[in-house]
Every structure is written in structure tokens, then in C-alpha cells.
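I open the notebook on a new model today. My plan is to go through strands, charges and cysteines in turn.

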Amino acid sequence: MKIKKIIAAAAAAAIALSAMAVSAFAATIELDSEYAGSWGAGKCIPKADLAAIGGDVKVVLTYETRTLLPDQFLIAPMDYDNGWTRINADITGDKLVMKADGFISIQEGSTTCEFVVPAATIEAMGDSGLGFQVQNVTIKSAEITAGSPQAAPFIISDEQNEDYNFNRISYEELTGKTADAAPAADAAPATDSGETATAATGNTSAAVMVSVMAVAGMAILTSKKRK
């Protein structure tokens with residue numbers, strides 16, 4: 001009975017630690033319930049929330065398109081406090097389609113897009129953090145998690161943007177890639193000492209869970225020896 005109790009306690013501790021790891025390295029930020037206006041900007045992802053993730057941050061936006069002006073659907077990630085400076089030169093995204101002026105091209109009827117913001121870019125931001133200039137797009141929320149660099153955005157012309165926005169050309173036809181291409185696997189950044197950084201990836205909690213299980217195993221062996 002004692003062995004069963006030890007195993008149950010160890011399993012419960014591992015589950016609790018796993019839940020803590022998820023909550024520590026991911027967050028959902030609620031943004032705009034209403035359209036911010038043509039070429040306007042709504043709520044930001046605060047710098048403190050981005051910095052809390054640690055390292056590079058993967059951002060998954062959930063949004064709604066609406067043809068208020070029949071021209072285009074666009075999102076420009078920017079440093080809100082520093083003159084709305086667009087950060088298009090810094091971000092990466094395996095499926096990101098972007099105009100040369102820094103606006104992400106969004107297809108009408110789509111609901112999500114993903115990109116990665118480097119740690120250095122986050123560090124240089126003002127306290128308001130990551131903002132978004134929009135056209136015909138309402139950004140509902142953002143999920144932020146630890147990330148690593150992906151592919152460079154696919155740059156398109158204004159003519160291509162219109163066809164892409166209104167679904168006259170598919171992602172595959174536009175880019176020559178498959179729509180379900182798997183994004184690059186997240187990798188833990190290296191520290192100056194050459195060791196793998198754990199704060200942004202949850203590896204520390206994983207290590208603790210292994211330790212918990214190891215302690216449980218030792219307790220089981222000890223219990224057997226006492227018998």
C-alpha cells in the first residue's frame with residue numbers, strides 16, 4: 001500500500017508541475033472587441049507580458065476580417081510607443097505573406113496568423129509593447145508562447161496582395177509552398193556559458209518532473225529493502 005501511495009503522490013506532483021510549466025510559458029492576451037478603424041491601432045500586447053515569456057516569442061493572432069472598405073486586409077506589427085515603427089524587418093513566419101511596406105497580407109475569411117518576434121526587438125520596445133495597425137481586420141486576441149526563428153516572410157507586390165486578399169490566388173499558387181507546411185521546431189536558445197537556456201522553454205519544469213519520478217523510484221527501492 002505504501003508503494004502505491006508513493007507512486008500516486010509522484011504522479012500527482014508531476015501533473016501539477018506540468019500544469020505550472022504550461023501556465024508559466026504561455027498567455028492569451030485579449031485585444032479588440034471592435035474594429036480600431038481604417039489604418040488605426042487598437043490594444044497592444046504589453047512589453048511586460050512578452051518579456052515574461054523569455055527569449056524569442058511566438059505570436060498567434062486571432063482576428064476577424066470585414067470589408068468596411070473594399071480594398072485590402074492588412075496587419076502591421078509595430079513598436080507602439082516608438083512612433084508606430086513597424087517591426088517587419090525583424091519578425092519571421094513560415095506561412096507569413098507580407099507586403100514590402102511591412103503589412104502582413106491577410107486573406108478575407110481567414111482567422112489566424114503566426115509569427116515570431118526576436119527577444120532583442122522586444123527589449124527595444126516601449127512599455128506599451130507590440131501594437132498593430134490594421135485595415136479591415138479586427139484583432140480579437142493573441143496567444144504568446146516561447147518560440148524560435150522561422151522562415152523569412154514571403155514578400156508580395158501590391159497587385160499580388162489584392163488577388164491574395166480576395167482569394168483570387170491561393171497560398172500555394174502565390175508562394176509555391178504547401179499550406180500545411182510544418183513550422184520550424186522551437187529550440188531552446190543557448191546561454192553565454194554554452195548551456196541550454198531553460199526559462200523560455202519549460203525545460204526546468206521537465207527536469208524537476210524527472211527528479212520527482214527519480215525520487216519516487218528510490219523510495220520504492222527503499223521500501224522493498226525494508227521488507
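**Entry 1: strand β9**

I started with strand β9, residues 137–146, and found it mostly covered, with eight of its ten residues buried. I note here that the model is a predicted one.

Next I looked up the pairing partners of β9. Strand β1 (residues 26–30) pairs with β9 in the antiparallel sense, over five bridges. I picked one position to anchor this: T28 has E143 as its bridge partner in β9.

Then I turned to strand β2, residues 57–65. Nine bridges join β2 to β9, and these two strands also run antiparallel. Here I took K58 as the marker; its bridge partner in β9 is T145.

**Entry 2: D79**

I moved on to an acidic residue. D79 sits in strand β3, which covers residues 74–79. Is D79 buried or exposed? I find D79 buried, and without a salt bridge. The nearest side chain of opposite charge belongs to K47, 8.0 Å away. A salt bridge here would need a nitrogen-to-oxygen distance within 4 Å, so I leave K47 and D79 unpaired.

What does the side chain of D79 have by way of a polar neighbour? I found the backbone nitrogen of G126, which lies 3.3 Å from a polar atom of the D79 side chain.

I also listed the contacts of D79, leaving aside neighbours within four places in sequence. The list holds W84, T85 and I87, then A124, M125, G126 and G129. G126 therefore turns up twice in my notes on D79, as a contact and through its backbone nitrogen.

**Entry 3: salt bridges**

How many salt bridges does the structure hold? I get four. I wrote up three pairs in detail.

The first pair I took was K99 with D101, whose side chains meet at 3.5 Å, N to O. K99 is buried, with a relative accessible area of 7%. D101 is partly exposed, at 33%.

K99 appears again with D158, where the side chains meet in a salt bridge at 3.3 Å, N to O. This pair links distant parts of the chain, with K99 in strand β5 (residues 97–99) and D158 in helix α4 (residues 158–165), 59 residues apart. D158 counts as exposed because its relative accessibility is 52%, and the cut-off is over 50%.

I then went to E162 and R168, whose side chains form a salt bridge at 3.1 Å, N to O. E162 counts as partly exposed at 41% relative accessibility. R168 is partly exposed too, at 48%. Salt bridges that share partners join K99, D101 and D158 into one network.

**Entry 4: cysteines**

How many disulfides are there? My count comes to zero. The rule asks for two cysteine sulfur atoms within 2.5 Å.

I looked at two cysteines for their surroundings. Is C44 buried or exposed? C44 counts as buried, since its relative accessibility is 16% and the limit is under 20%. C113 also counts as buried, at 10%.

**Entry 5: recap**

I close with three items to keep. Strand β9 is antiparallel to β1 and to β2. D79 is buried with no salt bridge. K99 is buried and belongs to a network with D101 and D158.

How values were computed: Residues numbered from 1 in each chain as written. Predicted model: local features only at pLDDT ≥ 70, side-chain atom pairs only at ≥ 80, totals over all residues. Heavy atoms only, no water. Helix = DSSP H or I, 4+ residues; strand = E, 2+ residues; numbered from the N terminus. Buried < 20%, exposed > 50% of the residue type's maximum accessible area, 1.4 Å probe, protein only. Lys, Arg positive; Asp, Glu negative; His and termini not counted. Polar contact = N/O pair within 3.5 Å; in protein donor to acceptor, adjacent residues only side chain to side chain. Contact = heavy atoms within 4.5 Å. Pairing = 2+ DSSP bridges.
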